Amino acid sequence: MNTVNGYYLVKTENLEQKSAGIFVAMSNESKFVKCEVLEVPQDGTAVDTNPLLSGSQKFVYTFKDKLTEVSLDGKNFFLLKAEDIVATDIE
């Protein structure tokens, strides 16, 4: 499967996460989540999540309200636009 138009297919770690080691200059009520990247856009709009360790498991952070839920083969995933990524991380 390939995604296009700047969309990432992601799986969230926890929808109620309030902090994850990054500073966000917004309201304390803003919730952001850590997402595992499953598929990146194939149209040239992908953010370079980790240029040094390509092939490693990649994670991105975004605000909860920027995720669009989709169902695929009975499993729930989320679509995320490239411009809605707050930060990137690897583990």
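**Note on strand 2 and its surroundings**

1. Strand 2 pairs with strand 3 (residues 58–63) in the antiparallel sense, over 5 bridges. Within this pairing, cysteine 35 has valine 60 of strand 3 as its bridge partner. The model is a predicted one.

2. Strand 1 is also antiparallel to strand 2, and 4 bridges join the two. Here threonine 12 has cysteine 35 of strand 2 as its bridge partner. Cysteine 35 is thus named in a bridge to valine 60 in strand 3 and in a bridge to threonine 12.

3. Of the 8 residues of strand 2, 6 are buried, so the strand is largely enclosed by the rest of the structure.

4. The largest nonpolar core has 11 residues: Tyr8, Val10, Val33, Cys35, Val37, Val60, Leu67, Phe78, Leu80, Ala82 and Ile85. Two or more residues each come from strand 1 (7–12), strand 2 (32–39) and strand 5 (75–81). Strand 2 gives the largest share, 3 residues. Both Cys35 and Val60 belong to this core, and the two are bridge partners.

5. The structure holds 1 salt bridge. Its side chains are those of lysine 11 and glutamate 36, with an N to O distance of 3.6 Å. Because lysine 11 lies in strand 1 and glutamate 36 in strand 2, the pair ties together parts that are 25 residues apart in sequence.

6. Are the two salt-bridge residues buried or exposed? Lysine 11, at 38% relative accessibility, counts as partly exposed. Glutamate 36, at 17%, counts as buried, because the cut-off for buried is under 20%.

Terms used:
Residues are numbered from 1 along each chain as its sequence is written. This is a predicted model: local features need pLDDT of at least 70, side-chain atom pairs count only at pLDDT 80 or more; totals for chains, interfaces and linings use all residues. Side-chain values use heavy atoms; hydrogens and water are left out. A nonpolar core is a set of buried Ala, Val, Leu, Ile, Met, Phe, Trp, Tyr and Cys residues joined through side-chain atoms within 4.5 Å. Buried means under 20% relative accessible area, exposed over 50%, partly exposed in between (1.4 Å probe, protein chains only). Helices (H or I, at least four residues) and strands (E, at least two) are DSSP runs, numbered from the N terminus. A salt bridge is a side-chain nitrogen of Lys or Arg within 4 Å of a carboxyl oxygen of Asp or Glu. Two strands pair if DSSP finds at least two bridges between them.
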